[in-house]
Amino acid sequence: MSFPWARQYEPKNGLTKFLDERLPLPRLVYNAIGAGYPVPRNLSYFWNFGVLAGFFLVVQIVTGVVLAMHYAANAQVAFATTEHIMRDVNWGWLMRYAHANGASFFFIVVYLHIFRGLFYSSYKAPREMIWLLGVVIFLLMMATAFMGYVLPWGQMSFWGAKVITGLFGAIPLVGEPIQVWLLGGFAPDNAALNRFFSLHFLLPFVIAGVVILHIWALHIPGSSNPTGVEVKSESDTVPFHPYYTAKDGFGLGIALLAYFAMVFFLPNALGHPDNYIEANPLSTPAHIVPEWYFWPFYAILRAFTVDFFFVPAKLMGVIAMFASILLWFFLPWLDKSPVRSGHYRPLFRKFFWFGLIPAMIVLFICGGAPAEEPYVILSQIATAYYFLHFLVILPIISSVEKPEPLPYSITEAVLGSDKKVVKGENTSPAV
Amino acid sequence: MLKLLSVRLVAMLVGLVFAVAALWALVIGLIALATEEPAGHLPYEKPMDLAWSFDGPFGNWDKAQLQRGLKVYDEVCSACHSLKFVAFRDLEQIGYSEAMVKAYAAAKQVPGIDPNTGEATTRPGLPTDYFPSPYPNNVAAAVANNNAIPPDLSLMTKARGDGTNYVASLLMGYQEPSAELLEEHPEAAPGPGLYHNPYFPNLNLAMAPPLTTAGQVTYDDGTEATVEQMSKDVAAFLTWTAEPTMVKRKQTGWPVLIFLLFATVLAYMSKKQIWSAVKPKK
């Protein structure tokens with residue numbers, strides 16, 4: 001792995017020499033995020049979000065472990081212990097708001113990270129495995145976030161749990177037994193709350209494990225970059241430290257400013273008021289909505305309002321919702337354009353900015369809105385586009401599009417010329 | 001090559017199936033929309049936009065107002081509504097001394113156990129006790145209130161959108177339904193045991209107007225107890241009960257943000273300094 005010109009770790013004193021021969025942890029860090037890891041010199045701020053996602057995972061684990069010390073996963077007292085944390089635990093309100101908003105910020109940075117990957121086709125060879133592991137992380141995050149939202153045992157917790165586990169009830173024949181098995185009963189109650197708490201505590205560590213694989217896979221080919229041209233020589237790269245530690249440090253400062261502005265001044269803006277009402281199985285909220293980060297997928301779920309041939313509407317919606325994420329696994333094999341970066345793909349770029357992004361925004365708005373017109377119709381149009389974009393348009397574009405000429409190298413893209421440029425060679429798509 | 005082509009072919013077919021299914025639902029929906037009368041919403045009002053001392057990033061409690069609100073809760077609301085997440089000791093935060101809290105708590109009867117017989121009984125409250133519920137259980141609450149259980153008020157202002165304004169608007173908002181409304185929505189006429197209020201999403205609620213006449217509560221600080229004043233005071237008090245740490249939260253936020261701003265400026269400057277070595281010279 002890594003490039004031949006990568007700097008080598010040299011233990012400087014007795015202690016590091018001792019360690020290097022027995023447990024080369026400093027060497028690992030040096031090669032992973034230190035001066036021993038050469039990174040393309042032209043990464044934009046869109047490449048900050050991987051580090052930020054890792055940071056928010058740590059925030060969630062730290063605040064979550066503290067919250068778990070004061071919370072009790074029992075349907076009788078869960079809501080009251082949450083209020084106990086808010087009122088009586090020292091800085092408990094800060095821990096809980098930091099955790100609730102930390103989930104939102106985790107999703108914000110991960111969505112930006114994913115859409116960065118989509119625009120720059122970061123999923124293409126040789127980085128397929130990074131992308132596949134990333135989709136696994138995203139699925140684990142969704143499961144973790146869903147179960148975490150159930151824990152305060154408010155109205156949206158309860159009814160959200162009922163709706164989401166109800167999705168499995170749509171499976172023919174075995175659906176209802178599966179739903180009962182998942183909940184440990186016929187409706188969300190103590191059994192469900194306890195297992196959700198157990199899994200909500202476990203899954204973040206599973207995520208951390210997959211994150212390590214994700215980073216490991218990343219370090220084989222190294223980061224992609226805004227030109228999509230692979231690294232050719234030493235002048236294309238800079239050492240991760242100090243260049244990207246400094247750039248990520250600044251990015252982290254901006255992210256923390258936004259995050260703590262929410263935590264301290266608008267801590268409930270991204271939540272739903274109904275979750276401050278204790279769970280009541282006898283009273284259904286007027287509109288059951290998930291947390292904002294699930295809205296696009298919730299809109300896809302609800303877009304299928306009529307039976308499609310022999311498939312019931314509900315089952316169709318469930319299949320479509322899962323398919324909308326699972327199809328990401330196939331992107332490396334659907335988009336066969338040899339050019340990675342959207343900057344050099346005129347047709348792809350148009351469909352990305354004027355097709356996919358508006359469709360995602362429409363789905364987001366419709367997912368948070370009540371199931372009535374015009375939201376239902378809008379979500380149906382956007383859902384149709386979403387599937388067409390990834391499964392039909394993207395494969396077609398990649399075979400009909402004529403890419404714009406690529407720079408010969410990253411160095412040329414940054415400095416305007418590369419000493420090693422051979423005449424006539426700099427227009428070929430060097431990937 | 002053939003294998004990859006077939007992956008994309010299968011993907012295109014799957015994509016078309018989902019798109020056709022979604023558009024099929026769209027067509028059916030459009031037909032239904034064209035032929036059926038849409039179910040209209042009852043037109044309820046958004047809460048009034050009132051001014052509060054704790055609004056905004058520099059907001060602070062108006063302790064005199066919170067104390068007046070406590071009195072309104074005590075003398076009016078507490079007849080039906082519990083406040084189960086608030087302890088008497090918490091009242092020290094709104095400006096009462098330890099002795100006053102002790103006396104206040106002692107004047108309340110809370111559930112207890114007779115030490116001689118073990119029977120359930122009541123005893124005078126201690127500062128560590130929580131506000132007692134007016135009803136022994138939900139069944140009793142339902143029976144006493146025409147089957148509508150009065151909700152606990154501890155978190156009410158957080159459990160409604162724009163909660164403080166909502167509670168104040170609702171308490172001031174009781175009125176007879178207008179003739180135009182009844183003409184357009186005859187179903188909006190209040191049924192038996194219901195009261196019209198334009199701020200309530202159903203327009204009719206089971207709670208009888210609780211604050212009806214000026215001077216219903218006699219304020220200790222001489223403030224004139226109009227219905228508007230009492231409504232605002234109790235809404236402010238319930239904002240405190242919903243989040244007693246709100247002001248501390250905002251006050252903690254400022255040093256955190258100022259520190260982060262400083263650190264971020266430094267981070268930016270060092271980033272610029274470090275990158276100047278490899279940035280192309282303009």
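These are my notebook entries on the contacts, cores and helix packing of a predicted two-chain model.

**Ground rules.** I kept in mind that local features need pLDDT of at least 70 and side-chain atom pairs pLDDT 80 or more, while totals for chains, interfaces and linings use all residues. Residues are numbered from 1 along each chain as its sequence is written, with chains lettered from A and ligands numbered from 1 in the order in which they are written.

**Chain A against chain B.** I started with the contact between the chains, which takes 51 residues from chain A and 49 residues from chain B (two residues are in contact if their C-beta atoms, placed from the backbone, lie within 7 Å). On the chain B side, α1 (2–35) and α8 (246–275) each supply at least two residues; helices here are DSSP runs of H or I, at least four residues, numbered from the N terminus. I noted that α1(B) gives the most, with 20 residues. Sorting the chain B side by class, I found 34 nonpolar, nine polar and six charged residues (Ala, Val, Leu, Ile, Met, Phe, Trp, Tyr, Cys and Pro count as nonpolar, Asp, Glu, Lys and Arg as charged, the others, Gly among them, as polar).

**Cores.** Next I looked up the nonpolar cores, sets of buried Ala, Val, Leu, Ile, Met, Phe, Trp, Tyr and Cys residues joined through C-beta atoms within 7 Å (buried: 20 or more other C-beta atoms within 10 Å of the residue's own, all placed from the backbone). The largest has 102 residues, and Phe106(A), Val109(A), Leu363(A) and Ala22(B) have the most contacts inside it. Its largest share, 14 residues, comes from helix α5 (residues 92–119) of chain A. I checked Val109(A): leaving out residues up to four places away in sequence, Val109(A) touches Phe49(A), Leu52(A), Ala53(A), Phe56(A) and Ala255(A). Apart from this core lies another, of 36 residues, including Tyr276(A) and Leu83(B).

**Domains of chain A.** The assignment, automatic or from a database, gives domain 1 (44–227 + 239–288) and domain 2 (290–417 + 426–430). I found their C-alpha centres 23 Å apart, with 24 residues of domain 1 in contact with 23 residues of domain 2. On the domain 1 side, α6(A) supplies the largest share, seven residues.

**A helix pair in chain B.** Last, I found that the axes of α2 (residues 63–75) and α7 (residues 227–242) come within 7 Å and cross at roughly 100° (axes are lines fitted to C-alpha atoms over the stretch in contact, with angles from 0 to 180 degrees between N-to-C directions). That makes α2(B) roughly perpendicular to α7(B), a label for 65 to 115 degrees. Their contact has nine nonpolar, two polar and two charged residues.

Notes: Buried ≥ 20, exposed ≤ 12 C-beta atoms within 10 Å, placed from the backbone. Parallel < 35°, antiparallel > 145°, perpendicular 65-115°, else oblique.
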